[in-house]
Each structure stands twice: as structure tokens, then as C-alpha cells.
Amino acid sequence: WAPPLDAGSKQFKWLDYVLSHTKAQWKIVYLHHPLYSSGGHDPIPVMTELLAPVFEKYKVDLVLQGHDHNYERTYSIKAGTTSAEGVIYITLGGGGSPLYIQRTINDWSAKFLSVYHFAFFEINAGHLTMNVYDRASKLIDTLELTKHQ
């Protein structure tokens with residue numbers, strides 16, 4: 001059990017503080033429940049309304065999500081729509097439980113796969129690569145991001 005998450009909660013204040021003070025080149029956040037999902041569970045609107053603006057404000061690069069038993073990668077999202085200056089959300093939930101099918105088609109969804117999978121991340125200074133593989137080790141998706149300083 002976790003206490004409710006709202007703008008006045010200790011958990012939210014901690015997140016805001018950490019993101020506002022980090023000097024990390026890459027900002028990657030992990031959540032269990034997805035803020036954006038086309039899979040088996042609907043996102044929790046209050047979480048999306050509360051957290052997405054914070055991630056956008058502090059220029060989070062990636063939000064890794066679970067809960068849904070599928071793979072999904074969004075385009076960069078800002079204020080609920082695709083934008084070059086937004087956040088990419090990746091659901092990595094194909095680890096062994098029965099898989100989910102795509103329930104909705106969303107403009108912000110770049111790729112949805114109902115497959116067992118794992119992801120490998122490599123960061124070299126200003127370059128991030130994510131390769132996603134199915135259980136036969138076949139490459140099923142790649143994401144490359146570059147930051148110029």
C-alpha cells in the first residue's frame with residue numbers, strides 16, 4: 001500500500017525536488033502504472049494530469065512503465081499530444097505473464113507489440129540507444145536519442 005499521490009504529498013515533493021536539482025545529462029523515470037497506454041489497463045487520469053507536466057517541465061527524456069503486459073513506445077508527448085519537445089513513454093511489460101492486445105489506437109503510439117521482450121540500454125555521453133528483443137533474441141525495436149551540449 002502506498003499513500004495517495006497528489007501535489008502536496010511527500011512523494012510528489014520529493015520527485016519535484018530531485019528532478020529540479022539533478023545535474024544528470026539523461027533523465028529517466030520508472031513508474032509501475034503507465035501514464036500513456038494502448039494496452040490492457042487504462043492510464044489513471046489523475047496520475048497523468050499530475051506527473052506528465054512535471055516530467056515535461058524538467059525535460060525528462062524517457063519514462064519507463066510497466067503494469068501492461070505488452071511493449072509500447074510512444075512518440076515524444078507534450079500536453080497529451082505529439083511534440084518534438086516532449087517525453088517518450090515506454091511500456092516494458094512483456095516479461096512472462098499472459099500478454100495484452102492493443103485495445104485502442106492512439107496518435108501518440110509509435111509502436112505496440114504483444115510479445116515477450118526485454119530491453120537493453122546503452123548510453124555513451126550524448127547518445128542513448130535502446131534495443132528491444134523478443135524472447136528469441138530477435139531485434140524488434142530500436143530507439144536512438146542524441147543530446148547536443
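Which residue lies over the face of Trp26? That's Lys147, sitting 4.9 Å from the ring centre. Keep in mind that this is a predicted model, and let's use its aromatic rings as a guide through the fold.

A search of the whole structure turns up three aromatic pairs. Start with Tyr36 and Trp108, which meet edge-to-face, with 5.3 Å from centre to centre and 70° between the planes. This pair links distant parts of the chain, 72 residues apart. Tyr36 comes from the loop between β1 (28-31) and α2 (45-57), while Trp108 comes from the loop between β6 (88-92) and β7 (109-113). How do the two partners sit with respect to the surface, buried or exposed? Tyr36 has 8% relative accessibility, so it counts as buried. Trp108, at 12%, falls under the 20% cut-off too, so Trp108 is also classed as buried. There's a further ring to look at here: Tyr89 joins Tyr36 and Trp108 in one aromatic cluster.

Now move along to Phe118 and Tyr133. Their rings are stacked, 5.4 Å centre to centre with 25° between the planes. Phe118 belongs to strand β8 (residues 117-124) and Tyr133 to strand β9 (residues 127-134), so this pair ties together parts that are 15 residues apart in sequence. As for the surface, Phe118 has a relative accessibility of 43% and therefore counts as partly exposed. Tyr133 is partly exposed as well, with a relative accessible area of 22%.

Notes
Residues numbered from 1 in each chain as written. Predicted model: local features only at pLDDT ≥ 70, side-chain atom pairs only at ≥ 80, totals over all residues. Heavy atoms only, no water. Phe/Tyr/Trp six-rings, centres within 6.5 Å; stacked < 30°, edge-to-face > 60°. Helix = DSSP H or I, 4+ residues; strand = E, 2+ residues; numbered from the N terminus. Buried < 20%, exposed > 50% of the residue type's maximum accessible area, 1.4 Å probe, protein only. Lys NZ or Arg CZ within 6 Å of the ring centre and 35° of its normal.
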